[in-house]
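Student: Could you walk me through this one? I'd like to hear the reasoning behind the labels.

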Amino acid sequence: MYHRSLLTFITVAEQGSFLQAAKVLYLTPASVMNQMNNLEKQLGIQLLRRNNQGTSLTAAGQSFYEDAKQFIQASQQAIQRARQIAQAEETRRQATIRVGTSMLRSCKPLMDLWEGIDHVDLPFQISIVPFDESPAGMKNMLSALGKEIDCFVSPCASPRWHQEYSIQLLHMGRSCVAVPRNHRLAKRTSLTWDDLAGETLILVQRGASVVLDQLRDEIERFHPNVQIADVPAFHGMASFNLCEQMNYMMEIPDSWADIHPALVTLPMDWAYQVAYGIIYAKEPTPAVDEFIQWVKPLISAKKPLPSNAEFFLPSSSQGP
C-alpha cells in the first residue's frame with residue numbers, strides 16, 4: 001500500500017538519527033541513509049538536515065512527516081477493513097445451515113425457494129438433519145434448536161413458540177379434514193358442518209394453536225354435536241394412526257394430504273388457515289440471521305403472503 005521508505009523516513013524523524021533508526025528497523029545505517037537520499041531525490045525536496053549530532057526535519061520535512069503518518073495509518077486501516085470483509089465473506093461461504101426435517105415438518109417448502117437460483121451462487125451450505133416428531137422427539141429437537149439444528153419448517157401458530165423462538169412467516173396453508181378411506185364421508189369432494197354432526201374430530205390440545213383454539217371455540221359454541229378428541233401439542237404419526245384406527249376425523253393442513261395412505265384429505269367449508277414458518281433460535285448466530293435475511297426476498301418473490309396472514313398468528317407475532 002505504501003513504499004517502505006515512508007516508514008523508514010518516519011522512524012528517522014522520530015529517532016533523530018540514522019543510527020538509532022537503523023537499530024529500530026534492524027537495518028544498517030548505510031541502508032537507512034541510502035533510502036533517505038533516494039526519497040529526497042525522488043521528491044526533489046530536502047526533508048532532513050544532517051549534522052554530527054544526527055538529523056532534524058526541515059519545514060517541508062515536518063509537513064511530509066505528519067502527512068506520511070496519516071497516510072500509513074489510513075493504509076493500515078484500509079487493509080484491516082478489507083481483510084475483515086474478506087474474512088466475513090469466507091465465513092459466510094463456509095457457513096452451513098442445518099435444517100431439520102421430518103415427515104410432517106418437511107424442509108421441502110424451504111428448499112423450494114431455491115428453484116430457479118444457480119446453486120453456485122448460494123452463499124450458504126445446507127445440511128438436512130432428520131428428527132423424530134413424536135412428542136418426546138419434538139421436545140428434544142426444540143431443545144437442540146440453535147445447537148444441533150438451526151431451523152425447521154412447521155405450522156407456527158403456537159403462542160409458546162412465538163415467545164420462545166424466532167419465526168419467519170413462510171406461507172399460508174388451508175385447514176382441511178382427513179378421514180379414513182372406509183369412512184362414510186371418504187367419497188365426498190368437500191365437507192360442511194352438517195357432515196361433521198355426530199363425528200369425533202381430532203384436535204391438538206387447547207393452547208397449542210391460536211387458529212385451532214378458534215376452531216375449538218366455534219365447535220363448542222355452535223356445533224356441540226361434534227365431539228373433540230384431544231392429542232398432545234404436537235401432531236405425530238400417532239395422531240394419524242388414531243384417526244384411522246378409531247374411524248375419527250382429523251383437522252390437518254392441506255400440505256399433509258398424502259402423509260398417511262389410509263386417510264383421505266377433504267376441503268372443509270370453513271375459513272381457517274394454517275400459518276407455516278421457519279422456526280429458529282430466539283438469539284440466532286450471525287450466519288443464521290443472515291440466512292433469514294437472505295431468504296426473506298425469496299419468500300416474497302415466490303408467493304406474496306395474503307394481507308390477512310397475521311390474523312392467524314398470536315398477537316405477539318405481529319410483524320415477524
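Tutor: Sure, let's begin with a pair of facing residues: Ile 167 stands opposite Ile 279 in E11. Before we go on, this is a predicted model in which local features need pLDDT of at least 70 and side-chain atom pairs count only at pLDDT 80 or more, while totals for chains, interfaces and linings use all residues. Residues are numbered from 1 along each chain as its sequence is written, and side-chain values use heavy atoms, leaving out hydrogens and water.

Student: What makes E6 and E11 a pair of strands?

Tutor: Two strands pair if DSSP finds at least two bridges between them. E6 and E11 are joined by 9 bridges and run antiparallel, so they pass that test. Strands here are DSSP runs of E with at least two residues, and helices are runs of H or I with at least four, numbered from the N terminus.

Student: Which bridge partners do Cys 176 and Val 177 have?

Tutor: Cys 176 has Ile 252 in E9, and Val 177 has Leu 266 in E10. E6 pairs with E9 over 4 bridges and with E10 (residues 263–267) over 5 bridges, antiparallel in the case of E9 and of E10.

Student: Why is E6 called mostly covered?

Tutor: In strand E6 (residues 165–180), 14 of the 16 residues are buried. Buried means under 20% relative accessible area, exposed means over 50%, and partly exposed is in between (1.4 Å probe, protein chains only). Take Cys 176: its relative accessible area is 6%, so it is buried.

Student: How do you know that Cys 151 is in no disulfide?

Tutor: A disulfide is a pair of cysteine sulfur atoms within 2.5 Å. The structure holds 0 disulfides. For Cys 151, the nearest cysteine sulfur belongs to Cys 107 and is 9.2 Å away, so the cut-off is not met. Cys 151 is also buried, with a relative accessible area of 1%.

Student: And Phe 152, buried or exposed?

Tutor: Phe 152, in strand E5 (residues 151–155), has a relative accessible area of 0%, so it is buried. Contact means heavy atoms within 4.5 Å. Not counting residues up to four places away in sequence, Phe 152 touches several residues, including Gly 100, Met 141, Trp 161 and Ile 279. Phe 152 also belongs to one aromatic cluster with Phe 131, Trp 161 and Phe 234.

Student: Why is the pair of Phe 124 and Phe 291 called edge-to-face?

Tutor: Rings of Phe, Tyr and Trp (its six-membered ring) pair if their centres lie within 6.5 Å; planes under 30 degrees apart count as stacked, over 60 as edge-to-face and the rest as tilted. The structure holds 9 aromatic pairs. In this one, the ring centres are 5.6 Å apart and the planes are at 90 degrees, so the label is edge-to-face. Phe 124 lies in the loop between helix H5 (108–111) and strand E4 (125–130), and Phe 291 in helix H11 (residues 286–302), so the pair ties together parts that are 167 residues apart in sequence.

Student: What makes the reach of H9 close to the expected one?

Tutor: The expected span of a helix is 1.5 Å times one less than its number of residues. Helix H9 (residues 210–222) has 13 residues and reaches 18 Å from its first C-alpha to its last, close to the expected 18 Å. Among the buried residues of H9 are Val 210, Leu 215 and Ile 219, and their cover includes helix H7 (159–164) and strand E8 (227–231).
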